[in-house]
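Student: I'd like to learn how to read a protein model like this one, feature by feature. Could you walk me through it?

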Amino acid sequence: MKKISFVIPCYRSAMTIEGVIEEIRNTMQNLSYAYEVILVNDFPMDATFDVIKALAEKYDNIVGVNLAKNFGQHAALMAGFGYCTGDIVVCLDDDGQTPADEVGKLLDKIEEGYDVVYAKYEHKQHSLFRNFGSKVNELMARFMIGKPKELYVSSYFAAKSFIVKEMLRYQNPYPYVIGLVLRTTKNITNVTVNHREREIGTSGYTFSKLLGLWLNGFTAFSIKPLRVATAIGAFCAGAGFIYGVYTIIKKFINPTVPMGWSSTMAALVFIGGMLMLMLGLIGEYVGRIYISINNAPQYVVREVVGRE
């Protein structure tokens with residue numbers, strides 16, 4: 001019998017995680033798989049891990065992993081992957097918005113031969129801000145890391161164990177799950193499931209966290225931002241040269257034309273701003289290289305419960 005490993009990053013989910021576990025238990029009773037659940041607490045400042053401890057004591061197939069501090073959703077997933085023993089790994093959210101009772105749809109696609117299956121939502125029940133952030137992330141992932149246009153990416157997905165093992169080879173402190181998936185396989189598909197409204201609490205993603213997630217993905221898995229910076233620099237240099245030639249010719253044709261102070265300052269400010277932007281981008285890459293070679297941890301586990 002094949003075994004499923006559910007990995008759930010938990011962030012301020014003391015009020016919701018029990019309901020998710022109950023739904024998983026009810027669903028798996030009707031499916032011919034053994035299973036385990038890995039709960040990774042990514043915010044050790046509230047009562048979430050107390051609830052996880054209680055669940056691990058109550059059920060022998062639940063493992064609780066308590067991180068030392070908040071490392072982010074993708075790092076929490078990587079931490080959970082390290083404790084998986086299943087043939088298929090399923091990742092879902094801790095708030096009940098991702099329907100655990102429809103996991104059979106993902107598993108059926110895996111059994112058809114796909115390596116990774118992402119849940120696709122026809123109607124997302126997120127806030128306008130989250131939907132906007134998801135759309136921006138979608139467009140940037142398509143451009144920066146080569147995500148296929150037809151592939152919908154979400155936090156609810158299933159992957160074969162060899163995919164997860166390959167992902168675990170990535171030890172740098174800036175994990176980005178879809179980037180790791182795409183560099184491992186292209187045998188990916190979608191399956192449509194429902195998306196529920198959030199009953200308790202609000203999303204843990206702020207603008208700064210979404211921006212940090214984008215930077216993690218695109219500076220760790222793509223050099224296209226550097227190529228874009230090079231192209232912009234070449235364009236500005238070319239535009240400056242052409243404008244200089246135009247100014248000289250104009251002066252020869254009409255010597256009385258005054259040389260504009262405002263246009264000169266505008267050009268200087270524009271070019272100076274572009275240079276600072278490009279230097280900042282290069283600095284972001286260099287800084288991440290520096291942090292990586294200094295062996296900054298991807299995550300730090302404080303405590304594990306539920307497995308001997």
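Tutor: Let's begin with a single residue: threonine 192 counts as partly exposed because its relative accessibility is 36%. The bands are: buried under 20% relative accessible area, exposed over 50%, and partly exposed in between, with a 1.4 Å probe and protein chains only. Before we go on: this is a predicted model, where local features need pLDDT of at least 70 and side-chain atom pairs count only at pLDDT 80 or more, while totals for chains, interfaces and linings use all residues. Residues are numbered from 1 along each chain as its sequence is written, and side-chain values use heavy atoms, leaving out hydrogens and water.

Student: Where is threonine 192 found?

Tutor: In strand β7. Strands here are DSSP runs of E with at least two residues, helices are runs of H or I with at least four, and both are numbered from the N terminus.

Student: And which residues is threonine 192 in contact with, leaving aside neighbours within four places in sequence?

Tutor: Contact means heavy atoms within 4.5 Å. For threonine 192, the list is Glu102, Lys105, Lys120 and Glu122. Lysine 120 is also the one whose bridge partner in β7 is threonine 192. Sequence distance can mislead you, too: threonine 192 and alanine 119 are 73 residues apart in sequence, yet 5.8 Å apart in space, C-alpha to C-alpha.

Student: How do I read strand pairing, then? In what sense do β5 and β7 pair?

Tutor: Two strands pair if DSSP finds at least two bridges between them. β5 and β7 do it in the parallel sense, over six bridges. With β6, β5 pairs in the antiparallel sense over three bridges, and valine 117 stands opposite alanine 158 there. Alanine 158 in β6 is the bridge partner of valine 90 as well; that one belongs to the antiparallel pairing of β4 (residues 88–91) with β6 (residues 157–160), which has four bridges.

Student: What is the order of the strands in the open sheet?

Tutor: Read it as β7-β5-β6-β4-β1-β2-β3-β8, eight strands with mixed pairing. β7 (188–193) and β8 sit at the edges, each pairing on one side only. From one strand to the next, the twist averages 20°; angles like this run from 0 to 180 degrees between N-to-C directions, with axes fitted to C-alpha atoms, for helices over the stretch in contact.

Student: Is strand β3 enclosed or open to the outside?

Tutor: Start with the general idea: in a regular strand the side chains alternate between the two faces of the sheet. So check both faces. In β3, Ile62, Gly64 and Asn66 on one side are buried, and so are Val63, Val65 and Leu67 on the other. Six of the six residues (62–67) are buried, so β3 is largely enclosed by the rest of the structure. Its pairings are five parallel bridges with β2 (residues 34–41), where valine 40 stands opposite valine 65, and four antiparallel bridges with β8 (residues 301–305), where glutamate 303 is the bridge partner of asparagine 66.

Student: What handedness has the unit of β2, helix α2 and β3?

Tutor: Look with the strands pointing away from you: if the path from the first strand over the helix to the second runs clockwise, the crossover is right-handed. β2, α2 (residues 48–58) and β3 make a right-handed β-α-β unit.

Student: Which strands does helix α3 lie across?

Tutor: β1 (3–10), β2, β3, β4 and β6, and α3 (residues 73–81) runs at about 145° to β1. Eight of the nine residues of α3 are buried, including His74, Leu77 and Phe81.

Student: Last one: how many residues has the largest nonpolar core?

Tutor: A nonpolar core is a set of buried Ala, Val, Leu, Ile, Met, Phe, Trp, Tyr and Cys residues joined through side-chain atoms within 4.5 Å. The largest has 38 residues, and Phe6, Leu39 and Val90 have the most contacts inside it. A second, separate core of 34 residues includes Ala76, Met78, Val116 and Phe157. Leucine 39 shows how to read contacts beyond four places in sequence: among those it touches are Ile8, Ile21, Leu55 and Val63.
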